[in-house]
Amino acid sequence: MQFFIKKPSFILYRIISLCLLLLFLQSCGVSSRIKKADSRFELGEYYAAGDLYKSSYGRIPNKDKSLRGYVAFRQGECYRLINNQRAEQAYLNAIRNNFADSTVFLRYAQVLHRNGKYGEALRNYQLYLQKDSSCIIAKNGIRAIQMLEEWQKNATRYVVKYDNQFNVRRASTFSPAFVNTAADELVFTSTRSTDKKATAKADPITGLPKNNLFLARKNATGKWGKPELLEGEINTPETDDGVCSFAANGKTIYFTRAQQSDLVDMGTKIYVSSRAGATWSPPQMLKIFSDSSISVAHPAIAPDGQTLYFVSDKKDGLGGKDIYRATLEGTDCKYIENLGPEINTPGDEMFPVVRADGTLYFSSNGHPGFGGLDIFKAVPQKNGGWKVENMGAPVNSKADDFGMTFAGESESGYFSSNRNEMRGYDALWSFHLPELIYLVEGKVFDDQGQTISDATIRIVGSNGMNARIQTKKDGTFRIKLEKDVDYVMLATARGFLNQKNELSTQGLTDSKTFNVNFKLSSISKPVKIENIFYEFGKWDLTPASEKSLQELVKLLKDNPNITIELSSHTDYIGDNAFNKNLSEKRAQSVVNYLIKAGIDKERLTAVGYGEEKPIVVDESLAQKYPFLKVGETLTESYILTLTPEQQEIANQINRRTEFRVLKTTYNLY
């Protein structure tokens, strides 16, 4: 029995020894792998480093939380920098392993923000601020999340669309740039395969093939042709080439070039090439900083051809990557300046683009945004500063949005985004801002509702516009208006009084069509004033008359040289003398109202006709009441031939307030 007891003990000893040896060897292997990952990380080879950190993490014992936290954090950094969705889980692993550096909460908040998990992002921004209350990135992150609902509600009028003609599957396509103001040639950066490259192996930085510059041209029908590799020596098998900008004439290109080495981080530089005809000259490197180890990238040449904007991670900047400006003298850059805290933040500001009016467009993950990189518009101010604003949705999304280019002076073009891309591939999206269209249209008709075909519309705008438009045969008109202008319109026609209307496009943010109709009153015939009401059996005007009375005030002000007779009429029911007295007092009530409203009393004459002037049926009345005949006078004897219901209608028609024009030369002589 002892023998059998001793034998298992000897075997267990051998197993334990073997396990310890394996653990020792594994420990050495993990340490070596982490060291290699750290070297790759320092070289900026985040894709390669991320894979090494990932394979190391699972081999570290659970009890070694310090090392697990460190590796998970570094893994998260790699994935964040190459837009890998696994960054979120890596940072969470670092937090669960009690990673000592509180920066993990900031980075975790940033990727949560980017992934649209705004509540969790807000909580982690706040956690980080407990450690570093002065952090601008965390404060801007919180501010952005608090503003998201308002931003989404107030989306801009830009229309964006994924562009199938430039994008390909499983490759990044980004940073478009029009070659010239004609906008008939477009150059962009892409990782798509090309025969010209010596190898298509994955870049250790991004995990994708190296970038090249591609050119697409519009054909005779205005459609884009198939993109082709940009000719000349700009693309080379050994380098990563892209993110370019063209001089206004399209004959000089500035672009970014990166050259990797397994031994040293060679950084990125900006090169320039010119062309005569179809051939680009051999690229020359711009001399920007005296320290050649400083990386510079993302050139943007201003329309003046002398001012160059670019990006650098120079150590004395404001943090991350900053945008700088310099003056070009050949291939030398002079008077270099950081654009300062209005543009640059402790985060990354990249991909600048400058328009003819000096407006700067750039991308940032440091300013308040939707997540990832957002595109911002910076307008230079007279005091030398900038007014910076987020371009808003739908240009910006929770993903990376960057590299905008405009077709000439228009509000249209292309930009890059990796929205809706699970693997983080960049793609080109088109954008355009629909033109704001303001119109005024309407119809001119008389007080009987009949169209006036020979009317004239005069329109005067605060922008200096002064035009006359003749109505069409059907009395209609249509006029295009301008934005932020006040307009006065006057309708005139022979034999009719004028009518004025006002409208404004001030402050409108959407297209609008104003509908303005003109009802012109006859100069030669009495005109019934609709909806004038009095207290029963009295001459007091009721509140329901206010609208019609104000319209009458307006008519008199629109026609300051007329005098009118204001008359009131009753039906035949009741005593004739009473009716006449009542109608006189009612007419005077209207005159009193007009005088109180500012109309000269010399222009007004009140007359009460009682039942003396019954209505003569015209076409409009006959149309409205078929039992009446055109030309028939609604006298007492005629009305009594009608049915009781028809009699009431006829008496109601006779009860009216009218005006007729007496003179059209008041105060003219």
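Which loop holds proline 394? The legends below answer this and other questions about a predicted model.

**Figure 1. The loop that holds proline 394.** Proline 394 lies in the loop between β18 and β19, and β19 covers residues 401-406. The peptide bond that joins alanine 393 to proline 394 is cis. Its omega is about 5 degrees. Strand β18, residues 386-390, returns in the view of helix α7, where it is among the elements that cover buried residues.

**Figure 2. The whole chain.** The protein chain has 12 helices and 33 strands. Along its principal axes, the C-alpha trace spans about 140 × 85 × 45 Å. The radius of gyration is 40 Å, whereas a compact globule of 669 residues would have one near 26 Å. Buried residues make up 48% of the 669 residues. The chain exposes about 34700 Å², and carbon and sulfur atoms supply 51% of that area. Take the contacts between residues at least 6 apart in sequence: 53% of them join residues at least 24 apart.

**Figure 3. The largest nonpolar core.** In soluble globular proteins, nonpolar side chains tend to be buried together. Here the largest nonpolar core has 40 residues. Which of them touch the most other members? They are Tyr53, Tyr91, Val104, Leu106, Tyr125, Cys135 and Ala138. Seven helices, α1 to α7, each give two or more residues to this core. Among them are α1 (2-42), α2 (46-57) and α4 (87-96). Apart from this core lies another, of 22 residues. Its members include Ile457, Tyr487, Phe514 and Phe518.

**Figure 4. Valine 104 and its contacts.** Valine 104 is one of the core residues that touch the most other members. What does valine 104 contact, leaving aside its neighbours within four places in sequence? The contacts are Phe73, Tyr91, Ala94, Ile95 and Phe99. Tyr91 is itself on the list of core residues with the most touching members.

**Figure 5. Glutamate 77 in helix α3.** Glutamate 77 lies in helix α3, which spans residues 65-81. Is glutamate 77 buried or exposed? Its relative accessibility is 10%, so glutamate 77 counts as buried, since the cut-off for buried is under 20%. Leaving aside neighbours within four places in sequence, glutamate 77 is in contact with Phe41, Tyr91 and Arg107. Tyr91 also contacts valine 104, the residue of the previous view. Aspartate 510 is a distant reference point: glutamate 77 and aspartate 510 are 433 residues apart in sequence. Their C-alpha atoms are 43 Å apart in space.

**Figure 6. Glutamine 110 in helix α5.** Glutamine 110 is found in helix α5, residues 103-114. Glutamine 110 is buried, with a relative accessible area of 14%. Which residues does glutamine 110 contact, leaving aside its neighbours within four places in sequence? The answer is Tyr125 and Ile137. Tyr125 is one of the core residues that touch the most other members. Ile137 is one of the buried residues of α7.

**Figure 7. Helix α7 and its bend.** Helix α7 covers residues 136-153. It has 18 residues and reaches 26 Å from its first C-alpha to its last. That is close to the 26 Å expected at 1.5 Å a residue. Where does α7 bend by about 45 degrees? The bend is at methionine 147. Buried residues of α7 include Ala138, Asn140, Gly141, Leu148 and Trp151. What covers the buried residues of α7 includes α5, α6 and β18.

**Figure 8. Two residues with positive phi.** Histidine 298 has a positive phi of about 55 degrees, although it is not a glycine. Its place is in strand β11, residues 296-301. Histidine 298 is buried, with a relative accessible area of 12%. Asparagine 667 is not a glycine either, and has a positive phi of about 65 degrees. Asparagine 667 lies in the segment after β33 (656-663). Asparagine 667 is exposed, with a relative accessible area of 61%.

**Figure 9. Glutamate 619 and glutamine 450.** Glutamate 619 is found in helix α10, residues 619-624. Glutamate 619 is exposed, with a relative accessible area of 58%. Glutamine 450 is 169 residues away from glutamate 619 along the chain. In space, their C-alpha atoms are separated by 10.0 Å.

Terms used. Residues are numbered from 1 along each chain as its sequence is written. This is a predicted model: local features need pLDDT of at least 70, side-chain atom pairs count only at pLDDT 80 or more; totals for chains, interfaces and linings use all residues. Side-chain values use heavy atoms; hydrogens and water are left out. A nonpolar core is a set of buried Ala, Val, Leu, Ile, Met, Phe, Trp, Tyr and Cys residues joined through side-chain atoms within 4.5 Å. Buried means under 20% relative accessible area, exposed over 50%, partly exposed in between (1.4 Å probe, protein chains only). Helices (H or I, at least four residues) and strands (E, at least two) are DSSP runs, numbered from the N terminus. Contact means heavy atoms within 4.5 Å. The expected span of a helix is 1.5 Å times one less than its number of residues. The bend at a residue is the angle between axes fitted to the seven residues ending there and the seven starting there. The radius of gyration is taken over C-alpha atoms; the globule rule is 2.2 Å times the number of residues to the power 0.38. Accessible areas come from the Shrake-Rupley method with a 1.4 Å probe; for residues, only the protein chains shown count as cover.
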